[in-house]
Every structure is written in structure tokens, then in C-alpha cells.
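This briefing goes through one protein model by topic. Please keep the sequence and the structure in view while reading.

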Amino acid sequence: MIALWMLYALGFGAVLGGAMLALERVVRLRRFPTRGLWLVAFAASWMVPVTLALVPRAPAPLTRPAVESRDPGNAVTPADAPAPPPAAVAALGGPSLEALTGPLLVLWGAGTLLLLGWLGRRLAMQFAVRRRWARREVDGRPVLVAPEVGPAVVGVRRLEIVLPEWAVRGDAAALRLMLRHEEQHVRARDPNFLLLAAVAVVLMPWNALLWWQLRRLRLAIEVDCDARVLGLGENAHRYGSLLLDVASRYAGPDLLPGAAFSESASQLSRRIDAMSAPRPRRPILHAIGFG
């Protein structure tokens with residue numbers, strides 16, 4: 001039954017997401033990357049239900065109760081008992097969930113087609129506008145310079161850094177920090193992982209837990225990227241100020257779910273909190289509330 005399978009997928013995603021949320025807190029306190037946790041959680045929440053749906057299952061044996069006979073020596077065995085008609089079973093058991101299969105599949109298909117069109121339009125927009133952006137060399141690195149878009153990483157097979165014109169004309173130290181951040185995304189292929197996750201959500205649009213896990217994955221990717229930038233010796237206060245400044249200036253379209261500075265204020269606040277949080281002496285005890 002498609003309805004029961006959907007409920008199973010939602011429940012499995014909720015349990016796995018909750019476990020990863022608790023584990024993430026411990027891992028982050030130890031200053032370890034958390035992107036891998038949400039990649040595993042997201043992949044499992046999508047693949048496990050799909051695998052269960054595709055694996056053929058043997059039909060359950062049909063058992064029928066013995067029918068009593070007036071003649072004790074002529075009892076009817078379960079194998080000989082006549083099966084009740086389907087109409088009688090439906091009447092006794094109430095409305096069947098099988099009746100929901102058709103409508104659910106129609107809604108599923110319609111949602112997937114709409115989201116595929118939305119995602120395809122964004123990809124087409126990105127490829128179209130990239131041809132109009134200027135190619136320059138900034139601080140010895142080839143970049144794209146756009147009127148409004150950026151800082152971000154665009155592309156699928158070939159990832160490229162795009163910077164807004166105001167950043168190229170602005171402070172050199174801030175520009176260097178932007179480049180370092182985006183270079184970390186390019187090296188880790190973060191936009192590719194986010195694009196694959198977005199496609200997975202489009203193929204299962206009714207799964208609210210996948211949407212939530214995609215949001216957590218995006219946050220984990222940015223937090224890990226921030227940690228790598230600070231690990232290069234950058235000042236946390238100056239870097240956090242840059243994030244706030246760029247977020248306040250960002251006005252361009254989010255062409256893909258990979259623009260680091262186009263996120264919500266709550267996500268940005270969590271990134272800054274992660275950068276400034278002190279490391280406790282007992283991370284595990286602290287994570288469960290005893291530190």
C-alpha cells in the first residue's frame with residue numbers, strides 16, 4: 001500500500017534525522033565536520049524506503065479457519081474452506097487504504113513535475129546569465145563577475161566562483177576572505193552534493209523530512225566550510241562581520257541551493273554561533289546537558 005509506505009518513509013526519516021541531530025551536537029562540539037552525517041542521513045532516508053518498495057516480497061500464505069460441520073467425522077479443513085468474497089472483506093474491514101493509491105500517485109506525479117520544471121528553469125537561468133558575466137582574474141584566480149549575483153559557486157561539471165561587482169571594487173582583505181570561502185566549496189564539490197539532494201527531494205516531494213534534512217545539510221556544509229576557512233588562520237570576528245555585511249548586501253537570485261550568503265537570518269546566526277562557541281572540556285557531557 002502506497003499510503004503505508006509513505007508513512008514508513010516519514011517515520012524512518014524522522015527517527016534517523018533525530019538521531020543525527022543529537023549526534024551532530026556532539027560532533028560539532030569536538031570541532032569535527034558534520035556534513036558527512038547529514039549526507040548519510042539524507043541518502044539513507046531516501047534510499048532505504050525506495051529499496052524496500054522495489055524488493056519483491058513473497059506473498060503471505062492464505063490461511064482460512066476451519067469450518068465446523070454438523071457431522072463430527074466430516075469437518076472441513078482450512079484448505080477446503082471457501083474464501084470469503086472480496087466485497088464481504090471490504091465491508092467488514094471498512095474503507096481500504098488501497099483506494100488512496102490512485103490519488104496519492106497523481107498528486108505525487110504532479111508535484112514532481114512542477115518541481116522539476118522549477119529546478120530546470122533555475123538551471124537554465126544560470127547557464128544563460130553566466131554567458132553575460134565578465135571573466136576576470138582576481139587575486140590570481142579566474143572568477144566570474146556579475147552585477148548582482150554572488151558571492152557563490154555556480155556550475156555542475158565545471159564549478160566556477162562568481163563575485164558581485166561591488167565586492168571586486170571593495171576592500172581587498174574582504175575580497176580575499178570571500179575567495180577563500182568559495183574556494184573551499186569548490187574543492188569539496190559542495191554545490192554538486194546540494195544539487196543531487198535537491199533532485200532527490202524533487203523525486204519525493206511529499207516527504208517533509210527530506211526537505212528538513214536538506215536544510216540541515218545545507219547548514220552543515222556552510223558550518224564546515226567556515227571552519228575550514230578559519231583553520232587557515234583567518235580571524236573569526238572579521239570573518240563573521242563579513243558574513244553579516246555580505247548577507248545584508250545580497251540582492252541577486254539564488255540560482256542554485258549553494259549561494260552561501262543568500263540564506264535566512266536564522267541560518268546565518270547559527271553559523272556565527274558555531275564559529276564563536278567555546279570548546280567545552282567534556283563535549284559529550286555538555287551535549288546531553290551535564291557539561
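**Briefing**

Arg189 sits in the loop that connects α6 and α7. The model is a predicted one. Arg189 has a positive phi, near 55°, although the residue is not a glycine. With a relative accessible area of 33%, Arg189 is partly exposed.

**Overall make-up**

- The protein contains eleven helices and four strands.
- Of its 291 residues, 38% are buried.
- Among contacts with a separation of 6 or more, 67% join residues 24 or more positions apart.
- The accessible surface of the protein is about 16,700 Å², and carbon and sulfur atoms hold 65% of that surface.

**The sheet**

- The four strands make up an open sheet with mixed pairing, in the order β1-β2-β4-β3.
- At the edges are β1 (134-138) and β3 (152-154), each of which pairs on one side only.
- From one strand to the next, the twist averages 45°.
- Strands of a sheet pair through backbone hydrogen bonds, in either a parallel or an antiparallel sense.
- The pairing of β1 with β2 is antiparallel and runs over five bridges; in this pair, Arg135 is opposite Leu144 of β2.
- Strand β2 (residues 141-146) is parallel to strand β4 (residues 160-164), with three bridges between them.
- Across the β2 and β4 pairing, Leu144 faces Val162 of β4, and Val145 faces Leu163 of β4.
- Leu144 thus appears in two of these pairings, opposite Arg135 and opposite Val162.

**Positive phi values**

- Most residues other than glycine have a negative phi.
- Asp139 is located in the loop between β1 and β2, and these two strands form a hairpin with two residues between them.
- Phi of Asp139 is positive, near 55°, in a residue that is not glycine.
- The relative accessible area of Asp139 is 49%, so the residue is partly exposed, the limit for exposed being over 50%.
- Arg31, just after α1, has a positive phi of about 65°.
- Gly233, just after α8, has a positive phi of about 105°.

**Helix α1**

- Helix α1 covers residues 2-29, which is 28 residues.
- At 1.5 Å a residue its span should be 40 Å, and the end C-alpha atoms are 40 Å apart, so the two values agree.
- Buried residues of α1 include Trp5, Met6, Leu16, Met20, Val27 and Leu29.
- Glu24 is also one of the buried residues of α1, as are the glycines Gly13 and Gly17.

**Helix α4**

- Helix α4 (residues 101-130) consists of 30 residues, and the distance from its first C-alpha to its last is 43 Å, close to the expected 44 Å.
- Among the buried residues of α4 are Trp108, Leu115, Leu119 and Val129, together with Arg122, Gln126 and Arg130.
- The cover over the buried residues of α4 includes the helices α1, α7 (190-203) and α8, and the strands β2, β3 and β4.

**Helix α8**

- Helix α8 (residues 208-231) has 24 residues and reaches 35 Å between its first and last C-alpha, close to the expected 34 Å.
- At the start of α8, a side-chain oxygen of Asn207 comes to within 3.1 Å of the backbone nitrogen of Leu209.

**Two buried glutamates**

- Which strand holds Glu160? Glu160 belongs to strand β4.
- The relative accessible area of Glu160 is 9%; buried means under 20%, so Glu160 is buried.
- The side chains of Glu160 and Arg130 make a polar contact at 2.4 Å; Arg130 is itself one of the buried residues of α4.
- Leaving out residues up to four places away in sequence, Glu160 touches Arg130, Arg135, Leu144, Ala152, Val153 and Val154.
- Glu183 is part of helix α6 (residues 172-188).
- Glu183 has a relative accessible area of 16% and is therefore buried.
- Leaving out residues up to four places away in sequence, Glu183 touches Arg141 and Ile161.

Methods. Residues are numbered from 1 along each chain as its sequence is written. This is a predicted model: local features need pLDDT of at least 70, side-chain atom pairs count only at pLDDT 80 or more; totals for chains, interfaces and linings use all residues. Side-chain values use heavy atoms; hydrogens and water are left out. Buried means under 20% relative accessible area, exposed over 50%, partly exposed in between (1.4 Å probe, protein chains only). Contact means heavy atoms within 4.5 Å. Accessible areas come from the Shrake-Rupley method with a 1.4 Å probe; for residues, only the protein chains shown count as cover. Two strands pair if DSSP finds at least two bridges between them. Axes are lines fitted to C-alpha atoms, for helices over the stretch in contact, and angles run from 0 to 180 degrees between N-to-C directions. The expected span of a helix is 1.5 Å times one less than its number of residues. A polar contact is a pair of N or O atoms within 3.5 Å; within protein, one must be able to donate a hydrogen and the other to accept it, and residues adjacent in sequence count only if both atoms are side-chain atoms.
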